[in-house]
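User: Could you take me through one spot in this model in detail, and then show me how it connects to what lies around it? I'd be glad of one connected answer rather than a list.

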Amino acid sequence: MTDRPTTTQASEPAWLLDQLVTAVPGARSAVLLSTDGIAKFWYGLPQDEAQVFGAMASGLCSIARGVGKQFGDDDGVRQVFVELNGVVAYVCAAGANGVLAVLADPEADAGVLGFEMAQMVKRVPDHLSTPVRAAAAGPR
């Protein structure tokens, strides 16, 4: 049996999501995804729900980019906040082609959660980005 190598924060995005959720009272779960909606890492949700939330968060970002392009100065998304009965969704850009999404109780402090999300994105941008997918090769 070999020992598992020691890892750092930057190589453990799932651990960072755990740290984010446990640091903010009322935070429930977090998902790191690509802008096309593929959940890469998650905490606090089963895999199937993380994939669904990832797709939804990607859609929210896409809508926000459209609003920014049409009515703002550009299509850069800083944060999307959706308040529903019983849950609040926070979504922000996370590096190149990456998105960080968090579900929280309505009582969670939005300022604290937004700050913690921004700090996470700043601390480990290389591990929060997703490379652009290459186009599939066509028939020959």
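Analyst: Happy to! Let's begin at leucine 45: setting aside neighbours within four places in sequence, leucine 45 is in contact with Ser29, Val31, Ala50 and Phe53. Please keep in mind that this is a predicted model. Leucine 45 sits in the loop between strand 2 and helix 2. Its relative accessibility is 16%, and because the cut-off for buried is under 20%, leucine 45 counts as buried.

Two of those partners lead into helix 2. Ala50 and Phe53 are among the buried residues of helix 2, together with Gly54, Ala57, Ser58, Cys61 and Gly68. The helix itself covers residues 47–71, which is 25 residues, and spans 36 Å from first C-alpha to last, close to the 36 Å expected at 1.5 Å a residue. What lies over its buried residues? The cover includes strand 1, strand 2 (39–43), strand 4 (87–93) and strand 5.

Another partner of leucine 45 takes us to strand 1, where serine 29 has its place. Serine 29 has a relative accessibility of 2% and so counts as buried. Beyond four places in sequence, serine 29 is in contact with Val21, Tyr43, Gly44, Leu45, Ala101, Val102 and Leu103. Strand 1 also holds serine 34, which at 2% relative accessibility is buried as well. The side chains of serine 34 and aspartate 36 are joined by a polar contact of 2.2 Å.

Arginine 28 is also worth a look from here. Leucine 45 and arginine 28 are 17 residues apart in sequence, with their C-alpha atoms 8.5 Å apart in space. The side chain of arginine 28 forms a salt bridge with that of aspartate 105, at 2.6 Å from N to O. This pair ties together distant parts of the chain: arginine 28 belongs to strand 1 (residues 27–34), aspartate 105 to the loop between strand 5 (98–104) and helix 3, and 77 residues separate them. Side chains of opposite charge can pair when their charged atoms come close. Are the two ends of this bridge buried or exposed? Neither label fits, because partly exposed is the class between 20% and 50%: arginine 28 has a relative accessible area of 39%, and aspartate 105 has 24%. The count for the protein comes to one salt bridge.

A further link across the sequence starts at proline 25, in the loop between helix 1 (13–23) and strand 1. Proline 25 is exposed, with a relative accessible area of 66%. Proline 25 and glutamate 107 are 82 residues apart in sequence, yet their C-alpha atoms are 8.6 Å apart in space.

From there, let's move along to helix 3. Aspartate 109 caps its N-terminal end, with a side-chain oxygen 2.9 Å from the backbone nitrogen of glycine 111. Helix 3 runs over residues 110–123, so its 14 residues reach 20 Å from first C-alpha to last, close to the 20 Å expected at 1.5 Å a residue. Its buried residues include Leu113, Gly114, Met117, Met120 and Val121. They lie on the same side of helix 3, because they cover an arc of only 125° around the axis. In general, an α-helix has 3.6 residues a turn, so residues three or four places apart point the same way.

Which residue outside the helix touches Gly114 and Met117? Glutamine 79 does; apart from neighbours within four places in sequence, its contacts are Tyr90, Val91, Cys92, Gly114 and Met117. Glutamine 79 is in strand 3 (residues 79–84) and is partly exposed, at 40% relative accessible area. Glutamine 79 and alanine 93 are 14 residues apart in sequence and 6.9 Å apart in space, C-alpha to C-alpha.

Finally, here is the wider setting. The protein has four helices and five strands, in the order α-β-β-α-β-β-β-α-α from the N terminus on. Of its 140 residues, 34% count as buried, and its accessible surface is about 8500 Å², with 55% belonging to carbon and sulfur atoms. Among contacts between residues at least 6 apart in sequence, 48% join residues at least 24 apart. The salt bridge between arginine 28 and aspartate 105, 77 residues apart, is one link between distant parts of the chain.

Methods: Residues are numbered from 1 along each chain as its sequence is written. This is a predicted model: local features need pLDDT of at least 70, side-chain atom pairs count only at pLDDT 80 or more; totals for chains, interfaces and linings use all residues. Side-chain values use heavy atoms; hydrogens and water are left out. Helices (H or I, at least four residues) and strands (E, at least two) are DSSP runs, numbered from the N terminus. Buried means under 20% relative accessible area, exposed over 50%, partly exposed in between (1.4 Å probe, protein chains only). The arc is that of the directions from the helix axis to the C-beta atoms. A polar contact is a pair of N or O atoms within 3.5 Å; within protein, one must be able to donate a hydrogen and the other to accept it, and residues adjacent in sequence count only if both atoms are side-chain atoms. Contact means heavy atoms within 4.5 Å. Accessible areas come from the Shrake-Rupley method with a 1.4 Å probe; for residues, only the protein chains shown count as cover. A salt bridge is a side-chain nitrogen of Lys or Arg within 4 Å of a carboxyl oxygen of Asp or Glu.
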